[in-house]
Amino acid sequence: MKFDARIDGAAIRCTITSDRALTAPVFCFSCMAPMVVIDGGTRVQSLGGYTEIALPDLTPGQPHSLTIAHENPDFAPANRAWLPLGPYLRTAEGPLPLPSLPVGVQPSGKPWGGTLPDLRICPQPASAQLAGGTLSCAGVACDAEPILTVDALALRCGLGPFARPDGVPLRLEHVPTMPPESYDLTISPDGITLRHADRAGAFYGAITILTLIQTHGGQLPCGTITDSPRFEWRGQHLDCARHFYGVDTIQRLLDLMALLKLNRFHWHFADDEAFRLELDSLPELAATHVRGEGEVIPGVFGGGIRSGGSYSRADADRVIAHARALSIEVMPEIEVPAHALALTRVFPATRDAQENGAEVSVQGYAANVMNPALAESWRVWEAMTDEVARIFPFPVMHLGCDELPHGTWGGSPAARKLMEAEGLSSTDDLQGWTMNRLARRLVDMGKIPAAWEEAARGKQGIGNSAILFSWTSQGPGIEAAREGYKVVMTPGQHHYLDMAHTADPEDWGASWAAIIGLEDTIAWDPVPDDEPGLEENIIGIQGTFWSEFTTRDAEMEPMVAPRILGVATMGWQARGTADGATLSGLAACYDAIWTSAGWAAADAR
């Protein structure tokens, strides 16, 4: 079997060559958005970007061509990632896979330019007073727990050993009056002294030593480094619903986060396509763990004939323990009330039977929202919330609440009756009422609710001292901070790492928010210049990685690296200290670290 596809203006031209005679095959594949057929076949079914096209009989060795395009004429393919993913043929003899097109970002291998700072480390420390001279250091002699944890990290990343009997003497001094997560390092010809505020401070000080050993060729600059983070929340998100990542891959991402002093992992395991965490209270969720031919959800987003997986309680415990050792907390996310396509199919009583279901999500999914006027919706939401909250010790839990389709619940008699009873007049009011009720449940459990920016909308809004994540831009986050919400900034224009690096059609990734090069990740500030007081409520930043274009775990890595350096810079360094030339220079330094850790970094153009 042979398959090829290429971009031709606003269209995509595909060629299928069968190695056998096939009668009435159906071409199944996934693109980013709903597709139409221009010629060569007839569309028979679609779900979002997943499309099935009836083809004429295929003759062995004779190429068949067809042309497809996005249903929205303004939605033209931007690069290779927009070509068909997970292609296969449905035939009388069963599904036959077609060869996949080359996918993912290809590392360029080109060195980056830029300026090398005195200390080659990202993020840059708050201050450094270098005294001249260097200390030869391949590792440190210290058996304190944070040092041994960094040693284990170094060994996993090919950077160790770090703790060694013949290493440079390292003295730890606990200074509880120092700010949280802060540390001071004094490097002198006779050894190193590490003063730290807490366990995290000791860990980060050791990370600094480990990194300088790598980037300075084992010759540490002598002097004093004083360091502490700007923000308490320095996060990275991973979408494990659209693509199922193995636990080992998640742990590798946590290791990378630790090397850059990021401290929050946003685990997005629930969305339209799957709810991947196994829950004892809702065994029906098992039907959402895989997708493809004959499954609840077909092969959307490159799922192909069959793909997916789930995370057991033991898997979750592994991720949590691995993260905590690295001074990282894990925040789980469930999706309420939208992005619930798989859930509404597994739990059909979460939809009003009298509703016309006319709403369509931005992904092209119809009827992907659960109805808060129905008892079954609350049974599912409450069981889900309660069990997930018990699994994860971190007090913050994310409830979702983004991209509610226009017109949702407008055709539901049950929803209209609830709105009348509660004095609600709009869809946003009903969504806010829903989020507020579920957030109160979390608060009663001793948890802190979190949600996407849309949760603040409506007459009531989520309230309950919730943390809001601002993603469409900074604007909604700034407004929420003014209203008293705590806010994490993760604007798509700067920190969505699934966006393409460049406008080159040979690049890879989405482009709806922006084209994001390395320097774009730091070309902003989370707090407006004219409202510095908002920093009290803007508690941090976060990188985000959605997985619509990901078909294998390794495809995520060159999208994240090196741009995660910019995320780390914005989370740690003081206002106005981020510099594009320096960041580019540091990307070159970190290339050897990526290589040692087995990560592939894309060109930082």
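## A walk through the predicted model

Leaving aside neighbours within four places in sequence, N371 is in contact with T350, D352, E355, S377, W381, W409, S412 and A415. This is a predicted model, so keep that in mind for everything below. One of those partners, S412, also shares a side-chain polar contact of 3.0 Å with N371. You'll find N371 in the loop between helix 5 (341-346) and helix 6 (375-391). Is that asparagine buried or exposed? N371 counts as buried because its relative accessibility is 0%, and the cut-off for buried is under 20%.

### The pocket

Next up is the largest pocket, which holds about 530 Å³ of space. The lining is made of 24 residues, and M32, V362, Q363, E403 and W512 are the closest to the pocket centre. Sorted by type, the lining has twelve nonpolar, five polar and seven charged residues.

Two of those central residues deserve a closer look. M32 sits in the loop between strand 3 (26-30) and strand 4 (35-39). With 17% relative accessibility, M32 counts as buried. Setting aside residues within four places in sequence, M32 is in contact with G49, W82, F301, E548 and F549. As for distances, the C-alpha atoms of M32 and E293 are separated by 19 Å, with their positions 261 residues apart along the chain.

E403 is the other one, found in the loop between strand 23 (396-398) and helix 7 (413-422). Its relative accessibility is 23%, so E403 counts as partly exposed. The backbone of E403 has a phi near 55°, a positive value in a residue other than glycine.

### Backbone details

E403 has company: phi of E181 is near 70°, again positive in a residue other than glycine. E181 belongs to the loop between strand 12 (168-174) and strand 13 (183-188). With a relative accessible area of 13%, E181 is buried.

There are also cis peptide bonds to point out, and here they are with their omega values.

| Peptide bond | Form | Omega |
|---|---|---|
| V336 to P337 | cis | near -10° |
| A561 to P562 | cis | near 10° |

Where do these prolines sit? P337 is in the loop between strand 22 (329-333) and helix 5, while P562 is in the loop between helix 11 (557-560) and helix 12 (564-572).

### The cores

Which residues touch the most other members of the largest nonpolar core? They are F265, W267 and F275, in a core of 175 residues. Helix 2 (residues 199-215) gives this core its largest share, nine residues. Apart from it lies another core, of 20 residues, including F3, I16, F29 and L58.

Back in the big core, F265 has quite a list of partners once residues up to four places away in sequence are left out: Q236, L238, I250, L253, L254, M257, V319, I328, E329, V330 and M331.

### One more loop

S228 lies in the loop between strand 15 (219-227) and strand 16 (233-239). At 28% relative accessibility, S228 counts as partly exposed. Not counting neighbours within four places in sequence, S228 is in contact with A126, S182 and W572. From S228 to G364, C-alpha to C-alpha, the distance is 45 Å, and the two are 136 residues apart in sequence.

How values were computed
Residues numbered from 1 in each chain as written. Predicted model: local features only at pLDDT ≥ 70, side-chain atom pairs only at ≥ 80, totals over all residues. Heavy atoms only, no water. 1 Å grid on protein atoms, 1.4 Å probe; cavity = no way out; pocket = protein on both sides within 12 Å on 5 of 7 lines; lining within 4 Å. Points joined across faces, edges and corners; volume = space filled by probe spheres on them. Nonpolar A, V, L, I, M, F, W, Y, C, P; charged D, E, K, R; others polar. Core = buried A, V, L, I, M, F, W, Y, C linked by side-chain atoms within 4.5 Å. Buried < 20%, exposed > 50% of the residue type's maximum accessible area, 1.4 Å probe, protein only. Helix = DSSP H or I, 4+ residues; strand = E, 2+ residues; numbered from the N terminus. Contact = heavy atoms within 4.5 Å. Polar contact = N/O pair within 3.5 Å; in protein donor to acceptor, adjacent residues only side chain to side chain.
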